[in-house]
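Biologist: I would like a close look at a single part of this model. Please choose one spot, start there, and then show me what lies around it.

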Amino acid sequence: MKLPVFCGRDCGGDACPLLAHLEGGTVVGISHNPEAGDFLRGCPKGFALPAQHYSPHRIKKPLLRKGPRGSGGFVETSWENALNLIARKLQACRADFSGSSVLCLSSAGSTGALHNTEKLTLRFLRATGGCSSVKGNYSSNAGAHALKKALGSDYLRSGFDPATVAKAKLIVL
């Protein structure tokens, strides 16, 4: 069975459409989805998704650091304990430094499977005591700033039509 999926690795392909090959409910391979057209094709990152998903090294439970930062010491903890710890740390930070001391740097990125992930995080942080946020996201703010300087302040979006790249006389990356 083949199931349409996408790679959300946020590497510039912007969620390349792929096909997952399933046998008995397990993904056994990934291939290019012909419905994607000529310009969005899978790459080794996308084709490696099953190996990452089924890796014995994948973290599946919350881990709590034991020892100094960078020591590599972690122990498993319950989801309830992990979430309570996060809530206490957020409350303490806000109590000591105000709600604006929490910075929301969320974006869709590799979690593109959940629509508007960056907006959900921002809503959550605002609803639970406030936060500071950036305009745009940490992946594209430098590009957006440069485009405004180069093309004027009315220029609101960046991006390109992949079909036009072959006809370009100059590409600056």
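Modeller: Start with N33. Its relative accessible area is 9%, so N33 is buried. The cut-off explains the word: a residue counts as buried under 20%. Keep in mind that this is a predicted model.

Where does N33 sit in the chain? Look in the loop between β3 and α1, where α1 covers residues 44–47. Now follow its side chain. A polar atom there lies 2.9 Å from the backbone nitrogen of E35. Next, set aside the neighbours within four places in sequence. N33 then has contacts with P4, P17, L18 and L19.

Stay in this loop for a moment. L40 is found there too, between β3 and α1. Is L40 buried, exposed or partly exposed? Its relative accessibility is 26%, so L40 counts as partly exposed. Compare two distances for L40 and P17. Along the sequence they are 23 residues apart, while in space their C-alpha atoms are 7.1 Å apart. P17 is also one of the contacts of N33.

Now step back from the loop into the strands before it. Three strands form an open sheet in the order β1-β2-β3, and their pairing is antiparallel. Which strands stand at the edges? They are β1, residues 2–7, and β3, residues 26–32. Each has a single partner strand, so one side of each lacks a neighbour in the sheet. The strands are also turned against their neighbours, by 40° on average when direction is ignored. As a general point, strands of a sheet pair through backbone hydrogen bonds, either parallel or antiparallel.

Look at one pair in detail. Strand β2 covers residues 16–23, and 6 bridges join it to β3 in the antiparallel sense. One bridge to pick out is that of H21, whose partner in β3 is G29. The two strands form a hairpin, with 2 residues between them. G24 sits in the turn and has a positive phi of about 60°.

G25 also belongs to the loop between β2 and β3. Its relative accessible area is 62%, so G25 is exposed. Contrast that with N33, which is buried at 9%. G25 and M1 are 24 residues apart along the chain. In space, 9.2 Å separates their C-alpha atoms.

What about nonpolar cores? The largest has 6 residues: L90, V102, C104, L122, L125 and C131. Apart from it lies another core, of 5 residues, which includes C7, L18, L22 and I30. L18 leads back to our starting point, since N33 is in contact with L18. In the largest core, take C131 as a sample. Residues up to four places away in sequence aside, C131 touches G99, S100, V102, C104, L122, L125 and R126.

Here is a second buried loop residue to set beside N33. T77 lies between β5, residues 74–76, and α3, residues 79–97. Its relative accessibility is 17%, so T77 counts as buried. The side chain of T77 makes a polar contact of 2.5 Å with the side chain of N81. Beyond four places in sequence, T77 touches P62, L64 and A82.

After α3 comes another loop, which leads to β6, residues 103–104, and holds S98. Phi of S98 is near 90°, a positive value in a residue other than glycine. At 33% relative accessibility, S98 counts as partly exposed.

Finally, place all this in the whole chain. There are 5 helices and 7 strands. From the N terminus, they run β-β-β-α-α-β-β-α-β-α-β-α. How much of the chain is buried? Of its 173 residues, 17% count as buried, and N33 belongs with the buried residues. The accessible surface comes to about 13200 Å², and carbon and sulfur atoms account for 58% of that. Now take contacts between residues at least 6 apart in sequence. Of these, 34% join residues at least 24 apart.

Technical notes
Residues numbered from 1 in each chain as written. Predicted model: local features only at pLDDT ≥ 70, side-chain atom pairs only at ≥ 80, totals over all residues. Heavy atoms only, no water. Helix = DSSP H or I, 4+ residues; strand = E, 2+ residues; numbered from the N terminus. Buried < 20%, exposed > 50% of the residue type's maximum accessible area, 1.4 Å probe, protein only. Polar contact = N/O pair within 3.5 Å; in protein donor to acceptor, adjacent residues only side chain to side chain. Contact = heavy atoms within 4.5 Å. Core = buried A, V, L, I, M, F, W, Y, C linked by side-chain atoms within 4.5 Å. Pairing = 2+ DSSP bridges. Axes fitted to C-alpha atoms, helices over the stretch in contact; angles between N-to-C directions. Areas by Shrake-Rupley, 256 points an atom, 1.4 Å probe, with all protein chains shown as cover.
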